[in-house]
Amino acid sequence: MTPVVTVFGRKAQAAAVLLFASLWAGCDGTREDFIGARVKDTCGAAWPVCDRVAGCILGSESYSEGRFPGRQQLIVQLKEASTVKVSLFLEDVTAAGSETVVQFHEEGCRARIRRATEGRAVLDVMERQGAFTEEAELTGVGDHLIEFESDMQARYIIKVDVTPLRNR
């Protein structure tokens, strides 16, 4: 093997290798990885669900964006009993807030599953896993209202994944 001559000393080379490795490792959990091939929905429509109005219908091929603090409502359509997973990718976080809540409603809002997480815990999960997720098993067929809100200060990307219970 032929030795390579450089103008940098051993310490500079080691620092460059560490910098490159950290940049390479930082490629995981990016916005593009989170979105994948999904198409953006601006959630600017008015879809009636229960006694409310949701801005969009999200599924496995779409995502939406927004800003916290705030509250948003969307619809997920189910053809059979399924696990519905809501995932949030957070950007430009300036304050963790005190609580983030995701509420899953059965069709017709006949039942509700509420998931609440403390503000800092949301960011801890995001840092470890690349996204914050909540999920619930919904048994009804049809339109299901999903509500989420937080007092954190951040931009978010939201997506929904549906897995039929028969596929578990």
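Is Q103 buried or exposed? Select Q103 in this predicted model: the residue is buried, because its relative accessible area is 6%, and a residue counts as buried under 20%.

**Around Q103**

Keep Q103 selected and display the strand that holds it, β6, which covers residues 99-105. Next, show the side chain of R112, with which the side chain of Q103 makes a polar contact at 2.4 Å. Then add the remaining residues that Q103 touches beyond four places away in sequence: besides R112, they are R71, I113, R114, L145, I146 and E147. To end this stop, select A136, which lies 33 residues from Q103 along the chain; the C-alpha atoms of the two are separated by 9.1 Å.

**The whole chain**

Clear the selection and colour the protein chain by secondary structure. Three helices and nine strands should appear. Followed from the N terminus, the order of elements is α-α-β-β-β-β-β-β-β-α-β-β. The chain has 168 residues, of which 37% count as buried. Contacts between residues at least 6 apart in sequence join residues at least 24 apart in 71% of cases. If a surface is displayed, the chain exposes about 10,000 Å², and carbon and sulfur atoms supply 53% of that area.

**The largest pocket**

Select V76, Q77, L78, K79 and V162, the lining residues that lie nearest the centre of the largest pocket. The space in this pocket amounts to about 250 Å³, and its lining comprises 14 residues. Strands β4 (62-78) and β9 (142-164) each supply at least two of the lining residues; β9 gives the most, with four. Coloured by type, the lining shows seven nonpolar, four polar and three charged residues.

**Backbone geometry**

The last stops concern the backbone. Most residues other than glycine have a negative phi, and most peptide bonds are trans. Select F68 and P69: the peptide bond from F68 to P69 is cis, with omega near 10°. P69 belongs to strand β4, one of the strands that contribute to the pocket lining.

Move next to C50, in the loop between β2 (47-49) and β3 (52-54). Phi of C50 is positive, near 55°. C50 is partly exposed, because its relative accessible area of 34% falls between the cut-offs of 20% and 50%.

Finally, select D92, where phi is also positive, near 50°. D92 is situated in strand β5, which spans residues 82-95.

Key. Residues are numbered from 1 along each chain as its sequence is written. This is a predicted model: local features need pLDDT of at least 70, side-chain atom pairs count only at pLDDT 80 or more; totals for chains, interfaces and linings use all residues. Side-chain values use heavy atoms; hydrogens and water are left out. On a 1 Å grid over the protein atoms alone, a cavity is a set of points where a 1.4 Å probe fits but cannot get out, and a pocket is an open set with protein on both sides within 12 Å along at least five of seven lines; lining residues have an atom within 4 Å of a point. Grid points are joined across faces, edges and corners, and a volume is the space filled by probe spheres set on the points. Ala, Val, Leu, Ile, Met, Phe, Trp, Tyr, Cys and Pro count as nonpolar, Asp, Glu, Lys and Arg as charged, and the others, Gly among them, as polar. Buried means under 20% relative accessible area, exposed over 50%, partly exposed in between (1.4 Å probe, protein chains only). Contact means heavy atoms within 4.5 Å. A polar contact is a pair of N or O atoms within 3.5 Å; within protein, one must be able to donate a hydrogen and the other to accept it, and residues adjacent in sequence count only if both atoms are side-chain atoms. Accessible areas come from the Shrake-Rupley method with a 1.4 Å probe; for residues, only the protein chains shown count as cover.
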